[in-house]
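Biologist: I would like to learn how to read the features of a model such as this one, going from single residues to the interior. Could we look at it together?

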Amino acid sequence: WAPTKWWVDVLRDEGAGLHEKLVWFWHGHLTSSIGKTSHAAMLSQHERFRRLARGNFRDLLREITTDVAMLHWLDGSGSDAASPNENHARELFELFALGRGAYDERDVREAATAMAGWWADAETLEVGFDAGAGPRRATRVFGRRCRDVDDVVDAACDHPACAPHVAGR
């Protein structure tokens, strides 16, 4: 795949610098795969990493949580608050923000409910929110009131385990 070869060539360049290394880091840390989405969605995600690589982690996490490729990869697209898919919330906590042991199953269930309602089209790269499938009530994640993705991301980023987990990666 041509974009992959291009990126490897960029990374091999001694002058690539910190920005390119951060793009590589975020691509590996906030991981997804072509296995469940389109090439266009993966390229869009890569461009997001390029744009946000040196910025605020909270902003990056907020954007990646509603990214087309990530919504497909973690089964967040089409999740309904009445019966939410917990995969997206679990990976947000375990892999991306906090690490194992920093959350419990109740936090995952409540976060999944608050994050429900998003859909993504991997061909058109459209992402949207369906209020009818979204949360009908606030949930409690880490003792905080959460109504949506932004609240869940804030709860994760403000958790005492977040900075040590991300820095340790």
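Biologist: Let me begin with one residue: in which loop does Phe142 lie?

Modeller: Bear in mind that this is a predicted model. Phe142 is found in the loop that runs between strand E3 (139-141) and strand E4 (144-146). Its phi is near 55°, a positive value in a residue other than glycine, and with a relative accessible area of 22% Phe142 is partly exposed.

Biologist: Where is Asp75, and what is its phi?

Modeller: Asp75 is placed in the loop between helix H5 (68-73) and H6, and its phi, near 60°, is again a positive value in a residue other than glycine. Asp75 is partly exposed, since its relative accessible area is 28%.

Biologist: Which residues does His159 contact beyond its neighbours in sequence, and is His159 buried or exposed?

Modeller: The cut-off matters here, because buried means under 20% relative accessible area, and His159, at 17%, therefore counts as buried. This residue lies in the loop between H8 and H9, where, leaving aside neighbours within four places in sequence, it is in contact with Leu98, Ala102 and Phe142. In addition, a polar atom of the His159 side chain lies 2.9 Å from the backbone nitrogen of Ala161.

Biologist: How should I read a helix, and how many residues of H8 are buried?

Modeller: In general, an α-helix has 3.6 residues a turn, so residues three or four places apart point the same way. In H8, 7 of the 10 residues are buried, so this helix is largely enclosed by the rest of the structure; the buried ones are Val149, Val152, Val153, Asp154, Ala155, Ala156 and Cys157. At the start of H8, a side-chain oxygen of Asp148 comes to within 3.2 Å of the backbone nitrogen of Asp150.

Biologist: Which residues have the most contacts inside the largest nonpolar core?

Modeller: They are Trp26, Leu30, Leu61, Phe93 and Val152, in a core of 36 residues. At least two residues of this core come from each of several helices, among them helix H2 (17-29), helix H3 (39-52) and helix H8 (149-158), and the largest share, 6 residues, is supplied by H8.

Biologist: What does Trp26 touch, if residues up to four places away in sequence are not counted?

Modeller: On that count, Trp26 touches Phe49, Ala53, Phe57, Leu60 and Val166. Apart from the largest core lies another, of 7 residues, which include Met42, Val68, Ala69 and Ala122.

Key
Residues numbered from 1 in each chain as written. Predicted model: local features only at pLDDT ≥ 70, side-chain atom pairs only at ≥ 80, totals over all residues. Heavy atoms only, no water. Core = buried A, V, L, I, M, F, W, Y, C linked by side-chain atoms within 4.5 Å. Buried < 20%, exposed > 50% of the residue type's maximum accessible area, 1.4 Å probe, protein only. Helix = DSSP H or I, 4+ residues; strand = E, 2+ residues; numbered from the N terminus. Contact = heavy atoms within 4.5 Å. Polar contact = N/O pair within 3.5 Å; in protein donor to acceptor, adjacent residues only side chain to side chain.
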